[in-house]
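Trainee: Could you go through this model with me? I'd like to start with the way the chain is divided up.

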Amino acid sequence: MLLTIYYPNRQNPVQMKRFLLFLLIAFSSQAFAQKQFFKPEKLIETGVYYYPEAWNPEQWERDFANMEKMGFEFTHFAEFAWAQIEPSEGVYDFKWLDKAVELASKHHLKVIMCTPSATPPVWLTKKYPEVLVVLPSGQTAMHGTREHYSWSSPKYQELTRKVVEAMAKHYGNDSRIWGWQIDNEPSHYGALDYGTPAQISFRNWLKKKYGTIDALNKAWGTSFWSGIYTDFEQIELPNEGRLISGVASPTSQIDMKRFNADECAAFISLQNNTIKQYASKSQFVTTNFMNGHTDVDPWRNKDLDFISYTMYPVAGYTEGVGDQGFRLGDPWRISFANDFFRPLKGVTGVMELQPGQVNWGSYNPQPYPGAVRMWLWNAFAGGLDFICSYRFRQPASGGEQFHYGMVGTDGVTPLNGGKQYSQFMGEIRELRKQYKPNVQMPKEYAARKTAIVYNMDNVWETTLQPQTFQWNERNHVTKYYNALKLLTVPVEVVSEDRDLSSYPFVVVPAFQMVDKALVDKWTKYAENGGHLVVTVRTGLKDRNGHFPEGEWACAITSLIGAKITMNDMLGANKTAKLAMNGNEYKWNNWGDMLEPSAGTEVWATFADQFYAGTATVTNRKLGKGTVTYVGTDTDDGKLEQAVLKQVFETNGVKVQELPEGVMVNWRDGFWIACNYSSSAVKFELPQGATKLVGGNEFGSAQVWVWK
Ligand code: GAL
């Protein structure tokens with residue numbers, strides 16, 4: 001029967017029907033989402049935020065006309081406009097927004113409509129003060145900022161549902177509305193909520209999770225420090241600001257993070273369900289999560305049509321590559337976001353991409369000339385369907401005055417970033433002429449396809465108990481990502497429940513909390529021919545964050561074919577050495593000492609300290625596949641890159657090593673290379689390639705596109 005599903009007899013209508021049904025299911029929501037909302041032949045569409053409520057209505061048409069002239073294809077409204085949409089409780093005013101939609105449409109701009117729940121109006125917070133977040137200090141968040149509302153507040157949920165319902169009824173069948181964005185960067189920007197509604201909801205969440213207080217005590221390890229609870233009603237939201245010494249039950253704090261992420265996801269789902277009740281199926285529903293923010297979990301909202309992200313590569317927080325790296329951004333950052341947000345539904349877009357200088361970094365440098373255009377191409381390269389930029393006009397007042405727009409403070413003159421957007425949009429219009437449907441990924445590239453398995457639990461757990469101040473889970477993961485990209489590897493960052501069989505290579509970086517089923521899944525993956533790379537800290541704890549009663553890391557010893565006898569770490573100013581293939585590498589963050597079993601090969605050993613000569617990178621065959629364990633975390637990622645290269649090459653897969661700072665991606669038949677480094681690099685196109693975009697020299701911030 002299975003065979004006839006895959007290989008139907010064309011003359012047999014029953015088999016053909018089954019086959020077609022199978023195809024339909026196999027291509028499921030992902031491909032479907034793409035077809036429904038985005039036209040593949042457009043490759044990518046580019047738009048920009050606009051705040052009609054902030055500008056003189058007489059300027060709206062001029063602004064939309066300029067947007068169109070610059071090349072934009074859509075605009076984005078209303079994510080902060082609750083006060084204007086519902087000026088008093090239950091009284092809605094859509095006249096102004098209707099006018100803005102009409103004028104945008106007159107200038108051929110589709111509209112992404114947003115729900116305004118990020119910024120409640122003052123009538124709301126004054127009448128129902130319980131909707132506000134209470135900070136760890138016990139102070140209530142104040143009106144006039146954003147994301148200061150409580151996800152857990154039933155009143156806020158009710159009022160949000162009402163305004164979203166009113167909007168969805170009004171715009172849900174308006175063909176000028178392309179889709180919906182829920183809220184704005186859902187998060188509390190790092191704050192946790194200690195208000196009464198959150199407290200009540202947390203206790204209910206715990207009751208549901210644990211059932212009995214005894215089960216909770218066991219999971220939380222409360223027998224230590226007399227922490228035992230006798231009733232759920234005694235439990236308070238873990239508050240780091242109220243601790244005297246040590247961490248009160250790390251498991252309770254992970255639960256707090258899990259709860260917080262669940263509350264956020266539920267609040268988004270509430271809005272998603274409300275919109276979907278009224279809106280046409282041709283309108284998408286998404287939200288714009290902050291890239292790299294770790295308090296909420298974008299992957300929890302599988303119910304959205306897709307998730308999108310916001311991205312600011314240069315805001316004083318990156319050194320990048322070389323002297324001008326702080327103006328160019330980290331080479332891996334946009335690619336990682338693409339490969340993190342896309343796999344959930346096979347579709348994504350960037351909802352905010354930096355337009356130029358911003359206002360909120362520790363300092364705010366000008367991006368390197370051409371960098372904005374390079375970011376646009378880098379976003380395109382990740383297979384995205386749209387790019388939206390924040391924002392069209394530089395604000396004249398309010399909290400973000402120094403933030404650039406596409407046009408400057410006079411409202412009409414394109415700034416540097418604006419000009420680069422226009423250039424990019426012109427280039428995309430040209431590229432569309434070269435588009436061919438259903439082009440297959442080149443074989444050599446596809447052979448390297450790698451999944452990185454990731455979850456938020458490990459981020460939260462290792463942040464709470466880092467063991468060394470140098471540990472940063474996200475940096476560890478992105479280090480592997482960057483190392484893979486320097487080998488020109490297509491990567492997808494996926495959750496642990498993902499079927500791994502389509503990836504020839506899988507990296508499991510610092511996946512500290514595991515259970516038997518997960519380790520069994522990884523074992524099967526390798527046995528079936530997959531090549532698994534497992535790194536430091538993986539498998540140390542169970543899902544409650546407890547060490548199992550067994551040898552250190554016993555959950556993974558038979559998988560990796562080695563015992564981990566101990567680990568070490570050094571201070572920031574001291575480095576130790578290890579050796580692999582005659583090359584020396586420096587490290588100080590984390591090093592595991594390994595005792596390989598018979599049949600396990602040693603790839604790298606420590607070269608100094610009292611454990612010199614001990615193995616730290618091993619490789620073994622397992623069934624038809626292999627398992628490599630990388631027991632050291634370095635700062636510069638060079639060891640990690642060398643190990644990965646060896647994993648590919650010993651398994652007969654050729655890689656293409658890139659100069660530091662260069663990112664190469666493939667989509668829809670096009671190769672896109674971006675140079676994030678501070679100087680020109682020597683980079684050769686493959687023989688027979690036709691260059692479609694780019695000059696002779698591959699200088700800083702330059703982009704080459706070829707096919
Ligand atoms: C984003 C945010 C926008 C705006 C922007 C400024 O993180 O979603 O509303 O504040 O930053 O760069």
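Mentor: This is a predicted model, and the domain assignment of the protein chain gives domain 1 (43-192 + 270-432), domain 2 (197-253), domain 3 (449-650) and domain 4 (662-706).

Trainee: How far apart do the C-alpha centres of domain 1 and domain 2 lie?

Mentor: Those C-alpha centres, of domain 1 and domain 2, are 37 Å apart. As for direct contact, 6 residues of domain 1 touch 4 residues of domain 2.

Trainee: And how much area do domain 1 and domain 2 bury between them?

Mentor: About 330 Å² is buried between domain 1 and domain 2, with 59% of it on carbon and sulfur atoms. On the domain 1 side, E130, P136 and S152 supply 78% of the area buried against domain 2, more than any other three residues.

Trainee: How many salt bridges does the rule find across the interface of domain 1 and domain 2?

Mentor: The rule finds 0 salt bridges across the interface of domain 1 and domain 2.

Trainee: Switching to cavities, how many of 30 Å³ or more are there?

Mentor: The count comes to 4 cavities of 30 Å³ or more, and the largest cavity holds about 50 Å³ of space.

Trainee: Which residues line the largest cavity?

Mentor: Its lining is made up of W151, S152, H188, L192, D193, A198, M256, F259, N260 and E263. S152 therefore turns up twice in our discussion, since a lining residue is one with an atom within 4 Å of a point of the cavity, and S152 is also one of the three residues named for the area that domain 1 buries against domain 2. Helix 11 (residues 250-278) gives the largest share of that cavity lining, with 4 residues.

Trainee: What does the lining of the largest cavity look like by class?

Mentor: By class, the lining of the largest cavity has 5 nonpolar, 3 polar and 2 charged residues.

Trainee: Now pockets. How much space lies in the second largest one?

Mentor: The second largest pocket has about 1,000 Å³ of space. It is lined by 40 residues, of which W220, V247, A248, S249 and P250 are the closest to its centre. Helix 10 (213-220) and helix 11 are the elements that give two or more residues to this lining, and the largest share, 4 residues, comes from helix 11.

Trainee: Which domains does the lining of the second largest pocket draw at least three residues from?

Mentor: It draws at least three residues from each of domain 2 (197-253) and domain 3 (449-650), and the residues of the lining divide into 17 nonpolar, 17 polar and 6 charged.

Trainee: Last topic, the backbone: which residues does a cis peptide bond join?

Mentor: A cis peptide bond joins Y390 and R391, with omega at about 15°, and R391 is found in the loop between strand 8 (386-389) and helix 15 (416-432).

Trainee: And what is phi of L43 near?

Mentor: Phi of L43 is near 60°, which is a positive value in a residue other than glycine; L43 lies in the loop between helix 3 (28-37) and strand 1 (45-49).

Note on methods:
Residues are numbered from 1 along each chain as its sequence is written. This is a predicted model: local features need pLDDT of at least 70, side-chain atom pairs count only at pLDDT 80 or more; totals for chains, interfaces and linings use all residues. Side-chain values use heavy atoms; hydrogens and water are left out. On a 1 Å grid over the protein atoms alone, a cavity is a set of points where a 1.4 Å probe fits but cannot get out, and a pocket is an open set with protein on both sides within 12 Å along at least five of seven lines; lining residues have an atom within 4 Å of a point. Grid points are joined across faces, edges and corners, and a volume is the space filled by probe spheres set on the points. Ala, Val, Leu, Ile, Met, Phe, Trp, Tyr, Cys and Pro count as nonpolar, Asp, Glu, Lys and Arg as charged, and the others, Gly among them, as polar. Domain bounds come from an automatic or database domain assignment. Contact means heavy atoms within 4.5 Å. Buried area is the accessible area (1.4 Å probe) that two parts lose on being put together, summed over both. A salt bridge is a side-chain nitrogen of Lys or Arg within 4 Å of a carboxyl oxygen of Asp or Glu.
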